[in-house]
Amino acid sequence: MSRKIIVRWHDWSGKGIEHLVLHEGPDEIVADAAILGTAEDEVFAARYRILCDESWRVRKAEIAQIGGGDALELASDGAGNWVGGSGTPMPQLAGAIDIDISITPFTNTLPIRRLHLQTGQSGEILVVYVRLPGLTVTTDRQCYTCLESDRRYRYESLDSDFTRDIEVDRDGLVVIYPDLFRRVL
């Protein structure tokens, strides 16, 4: 059985908006989104498409900055091995299962759904971190702690001092990400 979820978020300032269509099928999950945003006073538009297997492991990601000609395509075997769009191995991303795109709260859903944490449990992960605007690709060590099952999680970037307690719905989609995003649909 397949399911379609449509979600919208505003950035905290209210200047940006994201529209996401999530298709959750028996064999794959597909997220398609468009974002109109502002980052560090730069106005931009971007789109992304993320394909996951049925266990929420990222298998493919396509990210593009609209109007800038910049685009990124990555593929993974779901076990932490990545290749670029031309099939070139990307050993610098080895070990990362999830992807974190800086301008969207959706990518928090990936580890939340994949890890299945119960209240009080934590999980440390390595993610492919994509910064927009600019499409800079690095890795980032992160930790998710379930504060209240299917409702609240603590996100921590282990490579910086950034921490937030985020509220999610029963599908693991962010409702409130303090100082960054709030759900409007």
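**Figure 1. Trp56 is a buried residue in a loop.** Trp56 counts as buried, because its relative accessibility is 4%. The model shown here and in the other views is predicted. Trp56 sits in the loop between strand 4 and strand 5, the latter covering residues 58-65. Its backbone deserves a look. The phi of Trp56 is positive, near 70°, although Trp56 is a residue other than glycine.

**Figure 2. Asp41 is an exposed loop residue with positive phi**. Asp41 lies in the loop between strand 3 and strand 4. Its phi is about 65°, and Asp41 is not a glycine. Is Asp41 buried or exposed? Asp41 is exposed, because its relative accessible area is 74%.

**Figure 3. A cis peptide bond leads into Pro133**. The bond runs from Leu132 to Pro133. Its omega is near -5°. Pro133 belongs to the loop between strand 9 and strand 10, and strand 10 spans 136-148.

**Figure 4. Ile99 is among the residues with the most contacts inside the largest nonpolar core**. How many residues does this core have? The count is 48. Leu20, Leu22, Tyr48, Ile50, Ile63 and Phe106 join Ile99 as the residues with the most contacts inside the core. Beyond four places in sequence, Ile99 touches Ile50, Val58, Ala61, Ile63 and Leu74. Thr107, Leu110, Val128 and Val130 are also touched by Ile99. As a general background, nonpolar side chains tend to be buried together in soluble globular proteins.

**Figure 5. Leu72 is a buried residue of strand 6**. Strand 6 is made of residues 71-76. Leu72 counts as buried because its relative accessible area is 17%, and the cut-off for buried is under 20%. Which residues does Leu72 touch, not counting those up to four places away in sequence? They are Ala61, Glu62, Ile63, Val130, Leu135 and Val137. Val83 is 11 residues from Leu72 in sequence. The C-alpha atoms of Leu72 and Val83 are 11 Å apart.

**Figure 6. Ile35 is buried in strand 3**. Ile35 has a relative accessible area of 5%, so Ile35 is buried. Its place is in strand 3. With residues up to four places away in sequence left out, Ile35 touches Ile17, Glu18, Phe44 and Ala45. Ala46, Tyr48, Ile103 and Thr104 are touched by Ile35 as well. His10 lies 25 residues from Ile35 along the chain. The C-alpha atoms of Ile35 and His10 are separated by 9.5 Å.

**Figure 7. Glu156 is a partly exposed residue of strand 11**. Strand 11 holds Glu156. Glu156 counts as partly exposed because its relative accessibility is 24%. Its contacts, leaving aside neighbours within four places in sequence, are Arg141, Gln142, Cys143, Thr145, Phe162 and Thr163. Tyr144 is 12 residues from Glu156 in sequence. From C-alpha to C-alpha, Glu156 and Tyr144 are 6.5 Å apart.

**Figure 8. Cys52 and Cys143 are buried cysteines**. How many disulfides does a search of the whole structure find? The search returns 0. Why is Cys52 without a partner? The closest cysteine sulfur, in Cys146, is 20 Å from the sulfur of Cys52, so the two are too far apart for a bond. A disulfide would need the sulfur atoms within 2.5 Å. Cys143 is in no disulfide either. For Cys143, the nearest cysteine sulfur is that of Cys146, 12 Å away. Cys52 counts as buried because its relative accessibility is 3%. Cys143 also counts as buried, because its value is 7%.

**Figure 9. The largest pocket is lined by 36 residues**. About 710 Å³ of space lies in this pocket. Which residues lie nearest its centre? They are Ala39, Ser102, Ile103, Leu180 and Phe181. Several strands each supply at least two lining residues, among them strand 1 (3-11), strand 2 (17-24), strand 4 (42-53) and strand 8 (98-101). Strand 9 (122-131) and strand 11 (152-157) do so too. Strand 3 gives the most, with 5 residues. By type, the lining divides into 18 nonpolar, 9 polar and 9 charged residues.

Conventions. Residues numbered from 1 in each chain as written. Predicted model: local features only at pLDDT ≥ 70, side-chain atom pairs only at ≥ 80, totals over all residues. Heavy atoms only, no water. Buried < 20%, exposed > 50% of the residue type's maximum accessible area, 1.4 Å probe, protein only. Core = buried A, V, L, I, M, F, W, Y, C linked by side-chain atoms within 4.5 Å. Contact = heavy atoms within 4.5 Å. 1 Å grid on protein atoms, 1.4 Å probe; cavity = no way out; pocket = protein on both sides within 12 Å on 5 of 7 lines; lining within 4 Å. Points joined across faces, edges and corners; volume = space filled by probe spheres on them. Helix = DSSP H or I, 4+ residues; strand = E, 2+ residues; numbered from the N terminus. Nonpolar A, V, L, I, M, F, W, Y, C, P; charged D, E, K, R; others polar.
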